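Work through the exercises below with the structure open beside the text. Each task is followed by a solution in steps.

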Amino acid sequence: MDYDPSQYLGSAPHYLIGRPPYSAELADVVARELELDGSGHLLDVGCGPGVLAVQLAPLFELVTAIDPDPDMIAEARRHATAHAVTLELRRARAEDIGMLDLPPMRVVTFGQSFHRVSRTPVAETVYDLLEPGGAIVLVSHDINASPAPTSTGDPSIPDQEVQELITRYLGPDRRSGLRPVSSCSSEPWEVSLAKTRFGEPATVHAPGRRDVTRDVDGIISGYLSMSYAAPHLFGDRLGLFVDDLRSLLIARTETGRFWDWPGETAALIARKPSRTWDLPIGTTYSPR
């Protein structure tokens, strides 16, 4: 898949502030499922500002994180330093993995990024990169995994009204960089993985954070961190949009804050067999 450098242009400083965090128990769930012991090498693909790489770093001896956006790499470096985590950060696309001269990996993760890559060839390259028994892990929020909990008392984010405001500024046809949002494949990740040597993945969930609240600035950053509302799309009207969004939000909260429920954190896990004779009969080593 051709990389469009304008997808998240201007969004990087907003990502950590505006995006809801993964489950606080995600590392424990992944460690238990994969029997991690602090050894091995993690590769985080499409790392953005390092959210997943930093959270999972204590589970591994070494962590490499890649992203094609230089601003995201800069944010990831700051995020890692703030948490006293060592990351090897490299500017690269998922499609470049096979050319990066990487060592065998115990785990390769994609944090809400797998839908933006050429899925089958990238997954097949990851399969070859993994050490025997290694795993690919696709992480995302899953709003449908369980009923929404009771609010903290703060109002929910008025997303429908915000989307209408974005439409007034950007029109009804949403873009992600230069492409329509609709150009991204909507095929479920598990279906895509099932077409590769990994086969069907298993899905595990880590409990979502039920007490996430955000102030108005945090909500604004949340929307500006989205590719369909990246700052560059507004051009010289960005300031007007932010002012209108701020006014909308202030009118919808008496506390100055909003409750944010992103759902449980889902991890789709597929393993490379630990021994070649564990492969299903008829399995070959050539990509489909």
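Buried means under 20% relative accessible area, exposed means over 50%, and partly exposed lies in between, with a 1.4 Å probe and protein chains only. Helices (H or I, at least four residues) and strands (E, at least two) are DSSP runs numbered from the N terminus. This is a predicted model, in which local features need pLDDT of at least 70 and side-chain atom pairs count only at pLDDT 80 or more, while totals for chains, interfaces and linings use all residues. Residues are numbered from 1 along each chain as its sequence is written, and side-chain values use heavy atoms, with hydrogens and water left out.

**Exercise 1. Describe the protein as a whole.**

Step 1. Count the elements: the protein has nine helices and 11 strands.

Step 2. Judge the overall size. The radius of gyration, taken over C-alpha atoms, is compared with a globule rule of 2.2 Å times the number of residues to the power 0.38. The radius is 20 Å and the rule gives 19 Å for 288 residues, so the protein is as compact as a globular protein of that length.

Step 3. Check burial: 50% of the 288 residues count as buried.

**Exercise 2. Which strands form the open sheet, and in what order?**

Step 1. Two strands pair if DSSP finds at least two bridges between them. Seven strands form the open sheet, with mixed pairing, in the order 3-2-1-4-5-11-8.

Step 2. Find the edges: strand 3 (88-91) and strand 8 (202-206) each pair on one side only.

Step 3. Look at one edge. Strand 2 (residues 62-67) pairs with strand 3 in the parallel sense over four bridges, and I66 stands opposite R90 in strand 3.

**Exercise 3. Place strand 4 among its partners and state how far it is covered.**

Step 1. Strand 4 pairs with strand 1 in the parallel sense over four bridges; the bridge partner of L42 in strand 4 is V107.

Step 2. Strand 4 and strand 5 run parallel and are joined by six bridges. One bridge partner pair is G111 and V139, the latter in strand 5.

Step 3. From strand 4 the chain passes through helix 5 to strand 5, a right-handed β-α-β crossover. Right-handed means that, with the strands pointing away from the viewer, the path from the first strand over the helix to the second runs clockwise.

Step 4. Seven of the seven residues of strand 4 are buried.

**Exercise 4. Against which elements do the buried residues of helix 5 pack?**

Step 1. List the residues: in helix 5 (residues 119-129), R119, V122, A123, E124, V126, Y127 and L129 are buried.

Step 2. Contact means heavy atoms within 4.5 Å. These buried residues pack against strand 1 (41-45), strand 4, strand 5 and helix 7 (189-194).

**Exercise 5. Is V107 buried or exposed, and what does V107 touch?**

Step 1. V107 lies in strand 4 (residues 105-111). V107 is buried because its relative accessible area is 2%.

Step 2. Leaving out residues up to four places away in sequence, V107 touches L34, L36, H41, L42, L43, F60, L130, A135 and V137.

**Exercise 6. Do the equivalent for S140: is S140 buried or exposed?**

Step 1. S140 lies in strand 5 (residues 130-142). Its relative accessible area is 16%, so S140 is buried.

Step 2. With residues up to four places away in sequence not counted, S140 touches Y22, Q112, W189, E264, T265 and A266.
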